[in-house]
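Trainee: I would like to go through the charged side-chain contacts of this protein. Could we take them one pair at a time?

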Amino acid sequence: MAINHPFLNHKATTTYCGCDIIQTIIATKDFVDGLLARNEKNRPLNRRRVESLVSDIRAGNWKFNGDTIVVDADGNLKDGQHRLTAIREAGYPALKLIVVTLSATGEESEAVMRTIDSGKSRSFSDVLNRENVTSAHSVAAVCRTLAIFMKNNYSVIPTKSELHTVYSAECERIATFVPLSNRKQALVKPTAPVIAALVACAHIDGDCEKVLEFAELVRNGIELVKGGAAHRLLNYLLKTKGKHATNETQMDAFYTTIRAYAAYRRNPNGVVATIKGDNSRVRNYLISRAAGRGEPFVLPCDTDKAASSSSRAA
């Protein structure tokens, strides 16, 4: 069967597999724009996914991993619109791609389309399990909260590369606090946002012991100062327990925990009026404190944003 692929003559390494064609190419503006122009009958574009891929590309985290761009015999794009859109929005970097051109056309092409992406997507907890990380699911959830904090953008999905960057930087602290969420016989089990907040507090303090002392008070509800920071955080966690979690509510738990710990650290036996407050002030405080200790609490691609936040906090 003759294949009417408009980019078949594009400079590439080409392999013929029966009637199908496999090409290894370097993405160019003409190639990317040409395929996106023939992107019909595809699923709606997910902007969050595109922005995450753009972030990975700009941070140098794009890896040639064998994933394919799929087109049919008429040159219509069947799989890869998010990756190609991200390459375009990242400025058309010269990335290597594998393009599979199928011999299917018409109804057969539509039947093939229904089978694309039917495998299970690999999650970050799957990545951690492969690396033999204990409590991988809980660790992945903590890393996600920390990555959202660092990016300061609830709408962008942290990529697995970004999550792994967070894990590599904070693995020891995360390993210290994650077991708190797994222990039985606790009045309240800290959720991932709370564990992430404890990790953040230990990061800026450089002292896990004081943070663990606070966390155990909250978990067990024993010997609490009524109206004190640990008591107020416990009440907050009990009140919000079981409620539907969104990015916004999870980050509110993150910042509330940090405010409560800060109040406890100032005066362990004191009474506090509230542990509510301005989340942006807490964010700037965390970033400036971490930068002051020489341990920036940001993803590498967000360094400039952190610097501007730090200067405003000062």
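Trainee: Which side chain does Lys78 meet in a salt bridge?

Mentor: This is a predicted model, and in it the side chain of Lys78 forms a salt bridge with that of Glu110, at 3.4 Å from N to O. The pair links distant parts of the chain, 32 residues apart. Lys78 belongs to strand 4 (residues 77-79), while Glu110 belongs to helix 4 (residues 106-113).

Trainee: Is Lys78 buried or exposed?

Mentor: Lys78 has a relative accessible area of 7%. Buried means under 20%, so Lys78 is buried. Its partner Glu110 has 23% and is partly exposed.

Trainee: What about Asp79, which side chain does that one meet?

Mentor: The side chain of Asp79 meets that of Arg83 in a salt bridge of 3.5 Å, N to O. Both Asp79 and Arg83 are buried.

Trainee: Changing topic, how many salt bridges are there in the whole structure?

Mentor: A search of the whole structure gives 13. One of them joins the side chains of Glu216 and Arg219, at 2.9 Å from N to O.

Trainee: Where do Glu216 and Arg219 lie?

Mentor: Both are in helix 9 (residues 208-220). They are 3 residues apart, so about one helical turn separates them. Glu216 counts as partly exposed at 24% relative accessibility, whereas Arg219 counts as buried at 3%.

Trainee: And which residues are joined into one network?

Mentor: Lys29, Asp33 and Arg88 are, through salt bridges that share partners.

Notes: Residues numbered from 1 in each chain as written. Predicted model: local features only at pLDDT ≥ 70, side-chain atom pairs only at ≥ 80, totals over all residues. Heavy atoms only, no water. Salt bridge = Lys/Arg side-chain N within 4 Å of Asp/Glu carboxyl O. Helix = DSSP H or I, 4+ residues; strand = E, 2+ residues; numbered from the N terminus. Buried < 20%, exposed > 50% of the residue type's maximum accessible area, 1.4 Å probe, protein only.
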